Amino acid sequence: MSHLHVPDGVLPPIVWILGLVLAGLMLVWSAFASRRSGPQVVAYQSALGGIMLAVMALPIPITAFDYCMTLAGPVGVLLPPAAAFQVSFVVTLMLALLGQGGFTVVGLNALVLGLSAVAARPLYRATVAHWGPAPSMAFATAVSQLAASALWAVFLVLSIRLTPGVASEHEVEHTLLMVWRTAGVAVVVPMLLLAVAIEALLGFGLARFLARVRPALLPSVGDGDKAA
Amino acid sequence: MINAFTQIDHLASAGTSPWHRASAIAKLLLVLLHLVLALVVPSWVALAALFLTALVLCVTARVPRRLMLAAATTPLLFSIIFVAAHYHGDVVEAARLLMRPMVVSLSAVWLVSTTPYPDLFAPLSRLLPQRVGDSLFLTYRAVFVLLERVERLWKALRLRGAMARPVRERVAVVGEALGTVVISGFDRSVRLYQVMHLRGHSGRICGCRHYLDLTRSDRWVLVAALWSTALCAVLWRAGGA
């Protein structure tokens with residue numbers, strides 16, 4: 001749920017242009033925030049971006065369905081916020097070049113995936129002293145995924161509201177609300193919760209392993225909240 | 001997606017069609033033109049003609065059928081959701097919403113299948129902040145090594161029965177296994193940094209400038225651009241736009 005596979009030509013221009021502008025501003029911020037970090041951080045963030053892309057190709061079988069992971073939360077914990085946003089943008093751009101999500105929605109996709117990644121580290125830091133690495137990683141992943149899903153929903157609602165011809169039609173709005181109250185609650189919400197639970201469990205396993213084998217890769221409470 | 005990545009990369013570097021010989025900048029501009037046309041053309045007939053043009057581009061570039069099919073159908077699911085949400089009897093609008101993404105998606109696959117990644121990323125990296133541009137190159141480079149590793153890891157997990165466990169345990173085990181990939185990615189990044197340092201990394205990966213080298217094959221790209229523009233101009237009002 002932290003990646004919009006929305007293709008080109010279906011969202012109203014105002015929404016995707018706004019997305020591109022906001023993502024551009026976030027990129028400028030991230031470049032400014034990470035100006036002092038060395039090439040080693042670029043190499044590390046690229047490796048994690050590569051892992052994100054590689055992992056997105058892995059379907060986890062859950063009963064009859066396969067779920068594709070994003071790893072946005074765990075990558076967000078392992079990287080500082082600015083680097084995490086840059087990774088989200090690069091991954092989104094590469095997916096667009098492969099036909100997964102349109103070029104015009106690269107900005108929106110980067111914002112949705114980026115929010116999940118940027119929010120994870122502060123959440124992890126706030127809880128790790130009390131709960132330990134694995135539960136904190138699971139918590140940070142779950143909350144950041146939910147926040148990204150909420151942003152995803154906001155973009156979709158905005159798109160429908162701002163589409164010329166639909167904006168003024170109460171009938172369409174009424175139908176959509178009805179569909180949401182029935183199918184949405186019965187199908188979308190359980191699927192979303194399942195997806196969040198899977199990502200959180202993945203984060204849990206990942207942090208448990210790293211805490212045991214290479215704890216230095218996990219941020220500690222005393223690291224300070226540097227954006228870079 | 002693992003196969004898609006490797007297939008596209010192989011085709012982009014080893015392909016011999018005139019599209020492969022054309023310059024990256026010309027092909028990028030053609031795809032940009034297709035994107036703009038797909039977004040602004042009001043006629044579904046013109047969009048269908050543009051779709052056929054993109055299909056011909058892919059066929060002549062010898063893009064595998066499976067890749068073309070995936071590119072054309074992946075955006076369909078989401079277009080159908082939007083069509084269902086917006087549908088109020090206007091078939092033409094529905095046809096437009098279905099055609100637009102397919103045109104752009106096929107054009108994108110044609111672009112990445114005919115252009116090696118250094119040529120493709122070099123102009124993009126010049127538009128992005130330095131670190132993001134560098135990350136674009138390094139991420140793509142890392143993907144292949146990590147894909148191989150993730151694939152091996154996945155096979156090992158299956159063979160050792162990790163996927164036969166209850167779902168909760170299964171996911172946590174996959175998470176632990178991913179830890180090994182993260183550590184290997186970190187170690188690779190340290191080595192890569194040292195190599196960059198030794199080779200006198202100046203603080204920016206610029207990519208090559210081949211993307212600007214115009215070739216004779218660019219004439220074909222120009223013909224395709226003129227054809228697409230003329231097609232849309234002639235069919236602008238066709239089909240009840």
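This report walks through the contact between chain A and chain B, and then the cavities and a pocket, in a predicted model.

## The A–B contact

Let's start with the interface. The size of an interface is often given as the accessible area lost when the parts come together. Here, chain A and chain B bury about 6100 Å² between them, and 80% of that sits on carbon and sulfur atoms. Chain A puts 72 residues into the contact, and chain B puts in 67 residues.

On the polar side, five residue pairs are in polar contact between chain A and chain B, counting pairs with both residues at pLDDT 80 or more. The rule also finds three salt bridges across this interface. One of them joins Arg214(A) and Asp187(B), with 3.2 Å from N to O.

## Chain A's side of it

Which elements of chain A give two or more residues to the side that touches chain B? They are the helices α1 (13-33), α2 (39-56), α4 (81-97), α6 (133-162) and α7 (170-213), plus the strand β1 (59-62). If you want to pick one to look at, go for α2(A), which gives the largest share with 17 residues.

By class, this side of chain A breaks down into 50 nonpolar residues, 17 polar ones and five charged ones.

## The largest cavity

Rolling a probe the size of a water molecule over the atoms shows where empty space is left. In this model the count comes to three cavities of 30 Å³ or more. The largest cavity has a volume of about 130 Å³. Its lining has 14 residues, and those nearest the centre are Ile8(B), Val112(B), Leu120(B), Phe121(B) and Tyr140(B).

Both chains take part in that lining: α4 of chain A gives two or more residues, as do α1 (2-14) and α7 (117-127) of chain B. The largest share comes from α1(B), with four residues. As for chemistry, the lining of the largest cavity has twelve nonpolar residues, one polar and one charged.

## The second largest cavity

The second largest cavity holds about 90 Å³ of space. Of its 15 lining residues, the ones closest to the centre are Asp8(A), Gly99(A), Gly101(A), Gly102(A) and Ser105(B).

Two helices of chain B, α5 (65-86) and α6 (91-114), each supply at least two residues of this lining. The largest share, four residues, is down to α6(B). What is the mix of residue classes in the lining of the second largest cavity? There are eight nonpolar, six polar and one charged.

## The second largest pocket

Now for an open space. About 780 Å³ lies in the second largest pocket. A set of 25 residues lines this pocket, and nearest its centre you'll find Leu93(A), Phe103(A), Leu32(B), Leu124(B) and Leu127(B).

Again the lining draws on both chains, with two or more residues each from α1 and α4 of chain A and from α3 (24-40) and α7 of chain B. The top contributor is α3(B), which gives eight residues. The class split for this pocket lining is 23 nonpolar, two polar and no charged residues.

## Elements that turn up again

A few helices are worth highlighting in your viewer. In chain A, α4 gives two or more residues to the side that touches chain B, to the lining of the largest cavity and to the lining of the second largest pocket. In chain B, α7 gives two or more residues to the lining of the largest cavity and to that of the second largest pocket.

Conventions: Residues are numbered from 1 along each chain as its sequence is written. Chains are lettered from A and ligands numbered from 1 in the order in which they are written. This is a predicted model: local features need pLDDT of at least 70, side-chain atom pairs count only at pLDDT 80 or more; totals for chains, interfaces and linings use all residues. Side-chain values use heavy atoms; hydrogens and water are left out. Contact means heavy atoms within 4.5 Å. Buried area is the accessible area (1.4 Å probe) that two parts lose on being put together, summed over both. A salt bridge is a side-chain nitrogen of Lys or Arg within 4 Å of a carboxyl oxygen of Asp or Glu. A polar contact is a pair of N or O atoms within 3.5 Å; within protein, one must be able to donate a hydrogen and the other to accept it, and residues adjacent in sequence count only if both atoms are side-chain atoms. Ala, Val, Leu, Ile, Met, Phe, Trp, Tyr, Cys and Pro count as nonpolar, Asp, Glu, Lys and Arg as charged, and the others, Gly among them, as polar. On a 1 Å grid over the protein atoms alone, a cavity is a set of points where a 1.4 Å probe fits but cannot get out, and a pocket is an open set with protein on both sides within 12 Å along at least five of seven lines; lining residues have an atom within 4 Å of a point. Grid points are joined across faces, edges and corners, and a volume is the space filled by probe spheres set on the points.
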